[in-house]
Amino acid sequence: MWIRRILLSMVVLVFILVILVAVGIAALNSQWFLHFAESKATELAGRQVTIGALALDFGRISRLRVENLSIANPSWASDHALASVDRLEVGIDILPFLKGDLVIPDVQATAPVVHLERSGRGTTNWTIADEGNSAHSDQSTEESSEGDPALNLPRIESVTVNGGRLTYLDPQHDIFLALSILATKGESHSDQERLVAEGGGHVAGEPVTIGLSAGTDSPLPHSPE
């Protein structure tokens, strides 16, 4: 009799756990969570962040999918968005994550666009932290990152970019550059990562052409920059 009760209790607990997981997944894929994510991202970035759609698929490698993501520019900038992407998909390895390490097997970005700009007064549109306390925040961030292993940057193993674009505008020094960016991974594990950037513009009235190509047979390094 007591064995039957134990088994029945275990079945009930598993059933409750399944319901809680299902409710949690439904909440993370709901419109409420999308608005919550927009609000928190806007708060952290210090400027408006909009997200068209957000979905999370749980598994051994969980996948986060974001569509029509954009980060607003300051009002003085020539373009309304600092950065945008039509579709961003990120894989997250759950087992290392449970141990406190963030390992990202792959990142796939469709039509990411970044507009970098410096105003006539030297202000940059990519500075999104608290500018008044930048020196203090940089120092405190550096100190905390040394003492807190949880602040280690993620390891990104593969990046695929389709239709990427990067622009840089500096009217004060008469600079404008526009690059198309493509990052691909070969079909087999042994194939190299390949990054291609090409385009041009002008610097101090002189036309320039840029062509870059790089490949690596190891996982993409992560940088503190």
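**Exercises on exposure, aromatic pairs and loops**

L95 has a relative accessibility of 46% and therefore counts as partly exposed, where buried means under 20% relative accessible area, exposed over 50%, and partly exposed in between (1.4 Å probe, protein chains only). The model is predicted, so local features need pLDDT of at least 70 and side-chain atom pairs count only at pLDDT 80 or more, while totals for chains, interfaces and linings use all residues. Residues are numbered from 1 along each chain as its sequence is written, and side-chain values use heavy atoms, with hydrogens and water left out.

**Exercise 1.** Place L95 in its helix and name the nonpolar surface patch that includes this residue.

*Solution.* Start with the backbone: L95 is part of helix α3, residues 94–98, helices being DSSP runs of H or I with at least four residues and strands runs of E with at least two, numbered from the N terminus. Next, look at the surface, where L95 joins F97, L98 and L102 in a nonpolar patch whose accessible area together is about 400 Å². Such areas come from the Shrake-Rupley method with a 1.4 Å probe, and for residues only the protein chains shown count as cover. Patches are made of residues with over 30% relative accessible area and no salt bridge, with like charges joined within 9 Å and nonpolar side chains (Val, Leu, Ile, Met, Phe, Trp, Tyr) within 5 Å; a salt bridge is a side-chain nitrogen of Lys or Arg within 4 Å of a carboxyl oxygen of Asp or Glu.

**Exercise 2.** Work out how the rings of W32 and F33 are arranged, and then do likewise for W32 and F36.

*Solution.* The structure holds 4 aromatic pairs, a pair being rings of Phe, Tyr and Trp (its six-membered ring) with centres within 6.5 Å, and planes under 30 degrees apart count as stacked, over 60 as edge-to-face and the rest as tilted. For W32 and F33 the centres are 6.4 Å apart and the planes stand at 45°, so this pair is tilted. For W32 and F36 the centres are 5.6 Å apart and the planes at 10°, so this pair is stacked. Along the chain, W32 and F36 both belong to helix α2, where their separation of 4 residues is about one turn of the helix. Finally, W32, F33 and F36 form one aromatic cluster, in which W32 is exposed at 57% relative accessibility, while F33 is partly exposed at 21% and F36 is partly exposed at 39%.

**Exercise 3.** Which residues does Q48 touch, not counting those up to four places away in sequence?

*Solution.* First locate Q48, which sits in the loop between α2 (31–45) and β1 (49–57) and is partly exposed at 44% relative accessibility. Its contacts (heavy atoms within 4.5 Å) are then T42, S70, I71 and A72. As a last step, consider P74, which is 26 residues from Q48 in sequence and 9.4 Å away in space, C-alpha to C-alpha.

**Exercise 4.** Is S119 buried or exposed?

*Solution.* S119 lies in the loop between β6 and α4 (134–147), and its relative accessibility of 14% makes it buried. With residues up to four places away in sequence left out, S119 touches W76 and Q172.
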